Amino acid sequence: MNWWVSNSSFCIWGEFIESLAEHNPELVCEWDYGRNTVGVMIKRPENVAWNSDEIVGWTCTKCFHRWEDSIKNRTKKGKGCPKCKKK
Ligand SMILES: [Zn+2]
């Protein structure tokens, strides 16, 4: 696979892709590092595309609720914590 990873953005198949950390830095705080793992590797917001439809874990910074949603739902649709939304 022809790809490289930096702290902020990366290329896949020669296409430049902004990472989640680069495009939505505010969501990095809510990234659930404990849940977002691939085997023994920890998946990081620096290493995923901001518009990915991959389902990942999130932790709310306000109520500490943990839930799962796609990255795309959070960035493109602006969805937040389902618990805080209900209030
Ligand atoms: Zn919440």
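## A walk through the fold and the β6–β7 hairpin

The secondary structure of the protein chain, taken here from a predicted model, comprises 3 helices and 7 strands. Read from the N terminus, these elements follow the order β-β-β-α-β-β-β-β-α-α. Of the 87 residues in the protein chain, 11% count as buried, and among the contacts between residues at least 6 apart in sequence, 37% join residues at least 24 apart.

Before turning to details, the confidence of the prediction deserves attention. The average pLDDT of the protein chain is 87, and 86% of the residues reach a score of at least 70. Over residues 1-6, however, the pLDDT is below 50, and this stretch makes 9 contacts in the model beyond near neighbours in sequence.

The part of the chain followed in the rest of this text is the pair of strands β6 and β7. Strand β6 covers residues 55-59 and β7 covers residues 66-70; the two run antiparallel and are joined by 5 bridges. Together they form a hairpin with 6 residues between them. Within this pairing, valine 56 has aspartate 69 in β7 as its bridge partner, while glycine 57 stands opposite glutamate 68, also in β7.

Glycine 57 offers a view of the surroundings of this hairpin. The residue belongs to strand β6, and it counts as partly exposed because 17 C-beta neighbours lie inside 10 Å, a number that falls between the limit of 12 or fewer for an exposed residue and that of 20 or more for a buried one. Leaving aside neighbours within four places in sequence, glycine 57 is in contact with Arg66 and Glu68, and also with Asp32, Arg35 and Asn36. The C-alpha atoms of glycine 57 and aspartate 69, which are 12 residues apart along the chain, are separated by 6.6 Å.

From β6 the chain passes into the loop that leads to β7, where lysine 62 is found. Lysine 62 has 11 other C-beta atoms within 10 Å and is therefore exposed, since 12 or fewer such atoms place a residue in that class. When residues up to four places away in sequence are not counted, lysine 62 touches Cys81 and Cys84. For cysteine 81, which is 19 residues from lysine 62 along the chain, the separation between the two C-alpha atoms is 8.9 Å.

The loop between β6 and β7 also holds phenylalanine 64, whose backbone calls for a closer look. The phi angle of phenylalanine 64 is near 65°, a positive value in a residue other than glycine, and this residue sits in the turn of the hairpin formed by β6 and β7. Phenylalanine 64 is exposed, because 9 other C-beta atoms lie within 10 Å.

Taken together, the hairpin can be read from strand to turn: glycine 57 in β6 is partly exposed, whereas lysine 62 and phenylalanine 64, which lie in the loop between β6 and β7, are exposed.

Terms used
Residues numbered from 1 in each chain as written. Predicted model: local features only at pLDDT ≥ 70, side-chain atom pairs only at ≥ 80, totals over all residues. Helix = DSSP H or I, 4+ residues; strand = E, 2+ residues; numbered from the N terminus. Contact = placed C-beta atoms within 7 Å. pLDDT = per-residue confidence, 0-100. Pairing = 2+ DSSP bridges.
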